[in-house]
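Visitor: I'm new to this one, so could you take me through a single part of it in some detail? I'd like to look at the place where two domains meet, and at whatever sits around there.

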Amino acid sequence: MNSAKIGILGLGTVGCGTINVLARNREEITRRAGREIKVVKASARDLKKARPVAIGGFDLVSDSYEIVRDPQIEVVVELIGGYEPARSLVLEAIAHGKHVVTANKALIAVHGNEIFSAAQKKGVTVAFEAAVAGGIPIIKTIREGFTGNRIEWVAGIVNGTSNFILTEMRDKGRDFADVLAEAQRLGYAEADPTFDVEGIDAAHKLTILAAIAFGIPLQFKQVYTEGITQITRTDVVYAEELGYRIKQLAIARRVNDKVELRVHPTLIPERRIIANVDGVMNAVLVKGDAVGPTLFYGAGAGAEPTASAIVADLVDVVRTLTTDPTNRVPHLAFQPDSIVNLPILPMEEVQTAYYLRLNAEDRPGVLADVTRILGDLGISIEAILQKEPREGEKVVPIIILTHRILEKNMNAAIQRIEALPSIQRHVVRIRLEHLNRDWK
Ligand code: NDP
Ligand code: HSE
């Protein structure tokens, strides 16, 4: 049988990883797909750049439109990243009747509704397994493995760079900027690393996970997003003393007929497996009403783990090249006319527990003032830790863990605590989740 001819847009970390995996495992991949998958063209900006891949078996071009309009190419793999020119190239590939595989979560989260609608009209597939959690097949799992379930919640460590930074800060006391630079060198970080450390990349991934878990439209702008840039080693150490780890979590949860979508640093009890997911590794917890809680773990970034997901999509697409487009697995798990627009809960209406750290003057009555404010707002305390003042300082750090409460009550409490004359500097607030079966 003829080989399936593919074109790759972008020959960076993931593009080179994909070519290398396709070459190394050619025989097994062909046995699985039923046809050889052959890269015939690839594009990059700088044709002279040295790359960790054997150039020669395919044409290397600088104009990506040459690939998306090439009649011999059946599948286009978009690995440029970002919104443009990726969006225009993908739409052009679809217009030319080509299937698309992409690792670009920014593109899918922000322009996915438009892209899937164009693909559906044209009867082509847009596959995006590599867009969430690198090598973990979480899209296929939720979309196909859990179709019998009503998904209740999804919570994951889905940004490898942030997890790598938090782990190195905790284990080796390393400096934030220094670890970020290493993540960039290792090819984990986005072209603009603020996407990683400000939680934007995790929010893109959460947008996709929520859509396929709940059958809602992709709505990136509705995700509450907070990054890890304000996390200090002091809080990492205090959290450990209290039996918690700080992780950057992406959470999508059904609450009655509404949905919570949030990304933020979160204290997690250290006995949870997910609290022990370190370095660039990712993990996603999914709770379905029938299956119960499940956990998926693997490399969240890097050339070959991501290529593993790209090649899996390529094999899926090649296998379905001859099937009737109306009988294919829907892009977003639910049939396009069955997607419902569930309301998204504003962050103020979200309930979670909290870690608070405040610096108080070391004199009687201060703690009572703080606990009175918390009590007035219905916030109950789970634990309090008062530390010795640091050398040469007159303030004592106080750490408070609270039970679950509405975010708006906590906002009001923090405002009143910060107004107390005996409290110095701003109150540090990090959300806390127990991640138990029933989310209590
Ligand atoms: P890189 O920055 O390493 O590679 C991007 C490639 O695109 C480069 O080869 C670059 O060319 C090329 N490029 C940029 N602009 C153009 C253009 N206008 N026309 C043609 N080529 C262009 O990115 P990654 O490989 O790391 O990421 C690719 C995608 O995969 C992104 O969407 C990313 O979010 C996603 N992803 C990445 C993961 C990772 O671990 N790195 C993991 C999961 C997903 P040149 O080399 O000449 O500069
Ligand atoms: N920058 C991303 C991360 C790449 O660190 O997780 C994988 O999507």
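Guide: Here is a walk along the interface of domain 1 and domain 2, followed by a look at the two ligands.

Keep in mind that this is a predicted model. The protein is split into three pieces: domain 1 covers 4–135 plus 303–338, domain 2 covers 141–299, and domain 3 covers 349–432. Let's stay with domain 1 and domain 2, whose centres, taken over C-alpha atoms, sit 26 Å apart.

How many residues touch across that boundary? On the domain 1 side there are 24, and they are in contact with 22 residues of domain 2. Putting these two domains together buries about 1,800 Å², with carbon and sulfur atoms giving 67% of that area. On the domain 1 side, Lys105, Ala109 and Val132 lose the most area to domain 2, and together they make up 28% of what that side buries.

Now for the polar side of things. Six residue pairs make polar contacts across the interface of domain 1 and domain 2, counting pairs with both residues at pLDDT 80 or more. Helix α5, residues 105–122, gives the most to the domain 1 side, with eight residues. As for the make-up of that side, 16 of its residues are nonpolar, seven are polar and one is charged. There are also two salt bridges between domain 1 and domain 2. Look for the side chains of Lys105 and Asp201, which form a salt bridge with 3.3 Å from N to O.

Lys105 is worth remembering, since you'll meet that residue again at ligand 2. There, 13 residues lie around the ligand, and the nearest are Lys105, Thr161, Tyr188, Glu190 and Asp196. The side chain of Thr161 has an N or O atom 2.7 Å from an oxygen atom of ligand 2. Asp196 puts a polar side-chain atom 2.7 Å from a nitrogen atom of that ligand. For Lys205, a side-chain N or O atom is 2.8 Å from an oxygen atom of ligand 2.

What about ligand 1? It has 25 residues around it, with Val14, Asp46, Arg51, Glu190 and Gly302 the closest. Glu190, then, is among the closest residues to ligand 1 and also among the nearest to ligand 2. Thr13 uses its backbone here: one of its N or O atoms lies 3.0 Å from an oxygen atom of ligand 1. Arg51 brings a polar side-chain atom to 2.8 Å from an oxygen atom of ligand 1, while Ser64 has one 3.4 Å from a nitrogen atom of ligand 1.

Terms used
Residues numbered from 1 in each chain as written. Chains lettered and ligands numbered in written order. Predicted model: local features only at pLDDT ≥ 70, side-chain atom pairs only at ≥ 80, totals over all residues. Heavy atoms only, no water. Domains from an automatic or database assignment. Contact = heavy atoms within 4.5 Å. Buried area = accessible area lost by both parts, 1.4 Å probe. Salt bridge = Lys/Arg side-chain N within 4 Å of Asp/Glu carboxyl O. Polar contact = N/O pair within 3.5 Å; in protein donor to acceptor, adjacent residues only side chain to side chain. Helix = DSSP H or I, 4+ residues; strand = E, 2+ residues; numbered from the N terminus. Nonpolar A, V, L, I, M, F, W, Y, C, P; charged D, E, K, R; others polar. Near = heavy atom within 4 Å.
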